[in-house]
Amino acid sequence: MSEEQRDLSTPAESAEPPAGPQPEPIRFFGTSWVDHTGGYALRRAALAAGSLVAAAVGAYLLRLAYEGLEIGNVGPFLSISVLVLFAIATAIAFAKTWESFGRRPAPSSDEAALKGLKAIGFIGSLLAYFLRSLTEAPGEKLHRTEYERAAAEYDRRRSTRTGNPAARRRPKRKK
C-alpha cells in the first residue's frame, strides 16, 4: 500500500472500536442526543410538529368514524360506548407512553398485552410524544442517565487499575 493510499483509507478500516460505553441511539435522533449536534433542535421541532399533526389527523378520522355510526343509526348506547372506549384507550396510551420515557419496562411487565390498547388510543401516544418533544428527545433523559452511569462506572473501573497486577506481592498464608 502506498503512502497516499494509507492517507485515503477510511477510518473504519484503521480505527479500533472506541473504548468505554457507547450511547444507545434514539429513534429519529440516532446518537445526536448526547451533544445535541447534527440538527438535533430541528429534528425535535419537526418531530413535535409531526406528532401534533398526526394526532389532529387521527382525531379527524375518528370523528368521521363516529359520524358514520350516527348515520348508520346504531343507537345511542353503541355511540356512547365507542366514544368512552376511545377516551379510555387514549388516556391509558398517553399514561403508558409518558411512563415509558422515564423508565424501561420490566421483562415480565404487561407492555406486550397493552399494545392493542395503545394502538386504539394512538392519539394519546402521539400527544405524549408531542409534549415530550417540546423539552427533549423522547426517552433522552432515560438514555442519558443510563449512559452517564455506565461512563462513570467505566471510568471508575479504569482508574482503579494501577501498575502490573502480576508484580503485586501476595500476603503469605498462615499455616
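Start with a pair of side chains: glutamate 99 and arginine 103 meet in a salt bridge, with 2.3 Å from N to O. This is a predicted model, so treat that distance as a computed value. Neither partner of the pair is hidden away: glutamate 99 is partly exposed at 30% relative accessible area, and arginine 103 is partly exposed as well, at 36%. The background is simple enough: side chains of opposite charge can pair when their charged atoms come close.

Both of those residues turn up again when you look for enclosed space. The count comes to one cavity of 30 Å³ or more, and the largest cavity has a volume of about 40 Å³. Its lining is made by Lys96, Glu99, Ser100, Arg103, Arg104, Pro105 and Glu111. Sorted by class, that lining has five charged residues, one polar and one nonpolar. So what kind of residue is Pro105 in this lining? It counts as nonpolar, because Pro is in the nonpolar class.

Now zoom out to the fold. The protein chain has seven helices and zero strands, and reading along the sequence gives α-α-α-α-α-α-α. How much of the chain is buried? Of its 175 residues, 21% count as buried.

From the cavity, move on to the open space. The largest pocket has a volume of about 760 Å³. Its lining takes in 24 residues, and Arg27, Thr97, Ser100, Phe101 and Tyr129 are the ones that lie nearest the centre. Several elements contribute two or more residues to this lining: helix H3 (40-71), helix H4 (76-100), helix H5 (115-120), helix H6 (122-133) and helix H7 (140-159). In terms of class, the pocket lining splits into eleven nonpolar, six polar and seven charged residues. Ser100 is worth a second look, since it is listed among the residues nearest the centre of the pocket and also among those that line the cavity.

Back to the charged pairs. How many salt bridges are there? The count comes to five, and the glutamate 99 pair is one that we have already met. Another joins glutamate 136 and arginine 132, at 2.8 Å from N to O. Here the setting is buried on both sides: glutamate 136 has a relative accessibility of 11%, and arginine 132 has 12%. Each of these values falls on the buried side because the cut-off for buried is under 20%.

A further bridge links glutamate 140 and arginine 144, again with 2.8 Å from N to O. These two sit in helix H7, four residues apart, which is about one turn of the helix. Is glutamate 140 buried or exposed? At 5% relative accessibility, glutamate 140 counts as buried, whereas arginine 144 is partly exposed at 22%.

Helix H7 also holds histidine 143, and at 12% relative accessibility histidine 143 counts as buried. This residue gives a way back to where we began: histidine 143 and arginine 103 are 40 residues apart in sequence, and their C-alpha atoms are 9.3 Å apart in space.Next, the outside. A nonpolar surface patch of about 470 Å² is made by Val53, Val57, Tyr60, Leu61 and Leu64. Take leucine 61 as an example: its place is in helix H3, and with 51% relative accessibility leucine 61 counts as exposed. That label applies because the cut-off for exposed is over 50%.

The loops on either side of H3 are the last stop, and the backbone is what to look at there. Histidine 36 is found in the loop between helix H2 (11-14) and H3. Although histidine 36 is not a glycine, its phi is positive, at about 55°. At 42% relative accessibility, histidine 36 counts as partly exposed. In the loop between H3 and H4 you'll find asparagine 73, another residue other than glycine with a positive phi, this one near 50°. Asparagine 73 is exposed, with a relative accessible area of 67%.

Conventions
Residues are numbered from 1 along each chain as its sequence is written. This is a predicted model: local features need pLDDT of at least 70, side-chain atom pairs count only at pLDDT 80 or more; totals for chains, interfaces and linings use all residues. Side-chain values use heavy atoms; hydrogens and water are left out. On a 1 Å grid over the protein atoms alone, a cavity is a set of points where a 1.4 Å probe fits but cannot get out, and a pocket is an open set with protein on both sides within 12 Å along at least five of seven lines; lining residues have an atom within 4 Å of a point. Grid points are joined across faces, edges and corners, and a volume is the space filled by probe spheres set on the points. Patches are made of residues with over 30% relative accessible area and no salt bridge: like charges are joined within 9 Å, nonpolar side chains (Val, Leu, Ile, Met, Phe, Trp, Tyr) within 5 Å. Accessible areas come from the Shrake-Rupley method with a 1.4 Å probe; for residues, only the protein chains shown count as cover. A salt bridge is a side-chain nitrogen of Lys or Arg within 4 Å of a carboxyl oxygen of Asp or Glu. Buried means under 20% relative accessible area, exposed over 50%, partly exposed in between (1.4 Å probe, protein chains only).
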